[in-house]
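Reader: Hello! I'm in my first year and still learning to read structures like this one. Could you take a close look at one spot with me, and then show me around from there?

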Amino acid sequence: MDWTKQIGRYAIVMLLQVLLFNQLQLFGVCHPYIYVMCLLMMPITLPHSVDMVIGAVVGLIMDVFCNSLGIHMSACILLMFLRPYILGVIINDKERLTEQINQQTIGLVPLLKYAAILVAVHHLMVFALGAWSWYHIGFILIETLVSSVLTLVVLLGYNALRYR
Amino acid sequence: MQNLLKILLRYSNFLVFIVLEVAAFLLIGFNNPYPRSSVLSTANQVVAWQHEQVSEINGYFSLRHQNELLAEENAALRNQLSAIDSVQTGEALYYAAAKVVQMTTDEQHNYLTINRGSKDGIQRGQGVRNGDGVVGIVRTVGRNYSVVMPIINTHTNLSCRFAKNDYIGTLIWDGKNSRFAMLTDVAAHMVVNQGDTIITSGLSPVFPEGIPVGTVENSVLKEGDSYHTIRVRLHTDFKRLKYVEVIQNKHQNELEELNHGLD
């Protein structure tokens, strides 16, 4: 795994997130967090605990920009914690996990399943913690659905262009 | 003891997860309510800079709206000014802000369309100006839109005067360049200097006196000519015209009736 490439990708995607996607104001329910695609596509070569620390750092950086200290961090930690288990369920061939996770290496449908579950969990956690009450549960679910779909569209679009 | 270590090692990932999550939730707790750490929030220099840049960019998207507000405000201010002036001059002027929705500048007979019509009190023959100077005269009035003949139309015939000595001339357009017009009927004995300011004369009810028209770019007086050929650089840049104000003279109908009565 090429680390400079990986870090460069993180920087670009985070910038996109902060400068473009954080500015989206579609009916108040659309807040896609496309930066999770970096976490999702990272190869599973590092120890699980290190993965979670990376998730924590990425989430913390995003929190600083969103003024939501701890919220993205906890969601990203959860995402990185669940990642190998979800991936293990969806694809059986563990050999392929050493590479970067994308459309080429695991296939379109497994990628979609894997990303959909984790993106939904991440977004739900972010919105639920942001609301900090179950009173708005209906709104949170709609927000999660709409935003997750948009995040997935971006993720799959990137994959379709880059890893045909 | 060995068993405990085994269990810890076996579940080490889960323990890391729990520790990290606890840290995250502690941060959420710290963050809520105030005071929050200034380094880990938008008070941070870098983050504040980013937000400033973003709001700067977003500002461009609201420029159109801001412009409309400013145009309205300009018209309102001019109305207040004309209320003060009317005490002295007896003129009763009202300004209505309008937006240019369509215009041509490269033809002989240019026209522009504004988004105000009869329902806003616009009438044929009213003058149109903007912040820089004279724009034109209303020719056709619809319910919501009006067509204005700008001074860059070869039909134009605008009575003007020099600001310095009140000498009167007629402004026409030669159909060539939207930045320049010609001032005619200025007799040869008049001394014309480059940079002289031309304003409206106030001799017609269309424009009140003193609206800026342009400045003298150059003036040619050939041997034997009895009139100057004066090129005037127009104050109004028609290629960039976006917002105008229609001048509504409350006495215009009366003045026109009087003039017609003379014919």
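Which residue in strand 12 of chain B stands opposite Ala98(B)?

Author: Happy to help! Keep in mind as we go that this is a predicted model. The residue you want is Val244(B), which stands opposite Ala98(B) in strand 12 of chain B. Now let's step back to the strands around that pair. Strand 1 of chain B covers residues 93–103 and strand 12 of chain B covers residues 243–249; the two run antiparallel and are joined by seven bridges. Both strands belong to a closed barrel of six strands in chain B, with antiparallel pairing and the order 1-2-5-4-3-12. Going round that barrel, the twist from one strand to the next averages 45°.

Let's stay in chain B and move along to strand 6, residues 158–162. Four of its five residues are buried, so strand 6 of chain B is largely enclosed by the rest of the structure. One of its pairings is with strand 7 of chain B (residues 168–172), antiparallel and with four bridges. Between strand 6 and strand 7 of chain B lie five residues, and together the strands form a hairpin; in the turn, Asp166(B) has a positive phi of about 65°. Strand 6 of chain B also pairs with strand 9 of chain B (residues 197–200), again in the antiparallel sense, over three bridges. Arg161(B) is a good residue to click on here. Its bridge partner in strand 7 of chain B is Ile168(B), while in strand 9 of chain B the partner is Ile199(B).

Next, see where the two chains meet. Chain B gives 20 residues to the contact and chain A gives 18. On the side of chain B that touches chain A, the elements that supply two or more residues are helix 2 (12–31) and helix 3 (45–61) of chain B. Helix 2 of chain B provides the largest share of that side, with eleven residues. Sorted by class, this side of chain B has ten nonpolar residues, eight polar ones and two charged ones.

Crossing over to chain A, you can compare how its helices pack. Helix 3 (residues 48–66) and helix 4 (residues 71–90) of chain A have axes 7 Å apart and meet at an angle of about 155°. Because angles over 145 degrees count as roughly antiparallel, helix 3 of chain A is described as roughly antiparallel to helix 4 of chain A. Their crossing is right-handed. Among the residues making this contact are Ile54(A), Gly55(A) and Val58(A) from helix 3 of chain A, and Ala75(A), Cys76(A) and Leu79(A) from helix 4 of chain A. The residues of this contact comprise 16 nonpolar, four polar and three charged.

Our last stop is another helix pair of chain A. Here helix 6 (residues 108–131) packs against helix 7 (residues 137–162) at an angle of about 140°, with 8 Å between the axes. That angle makes helix 6 of chain A oblique to helix 7 of chain A. Helix 6 of chain A passes helix 7 of chain A in a right-handed crossing. The contact includes Leu112(A), Ala116(A) and Val119(A) of helix 6 of chain A, along with Thr144(A), Ser148(A) and Leu152(A) of helix 7 of chain A. By class, the residues of this contact are 14 nonpolar, six polar and one charged.

Note on methods:
Residues are numbered from 1 along each chain as its sequence is written. Chains are lettered from A and ligands numbered from 1 in the order in which they are written. This is a predicted model: local features need pLDDT of at least 70, side-chain atom pairs count only at pLDDT 80 or more; totals for chains, interfaces and linings use all residues. Two residues are in contact if their C-beta atoms, placed from the backbone, lie within 7 Å. Ala, Val, Leu, Ile, Met, Phe, Trp, Tyr, Cys and Pro count as nonpolar, Asp, Glu, Lys and Arg as charged, and the others, Gly among them, as polar. Axes are lines fitted to C-alpha atoms, for helices over the stretch in contact, and angles run from 0 to 180 degrees between N-to-C directions. Angles under 35 degrees count as roughly parallel, over 145 as roughly antiparallel, 65 to 115 as roughly perpendicular and the rest as oblique. A crossing is left-handed if the near helix is turned anticlockwise from the far one by less than a right angle, and right-handed if clockwise. Two strands pair if DSSP finds at least two bridges between them. A residue is buried if 20 or more other C-beta atoms lie within 10 Å of its own, exposed if 12 or fewer, and partly exposed in between; C-beta atoms are placed from the backbone.
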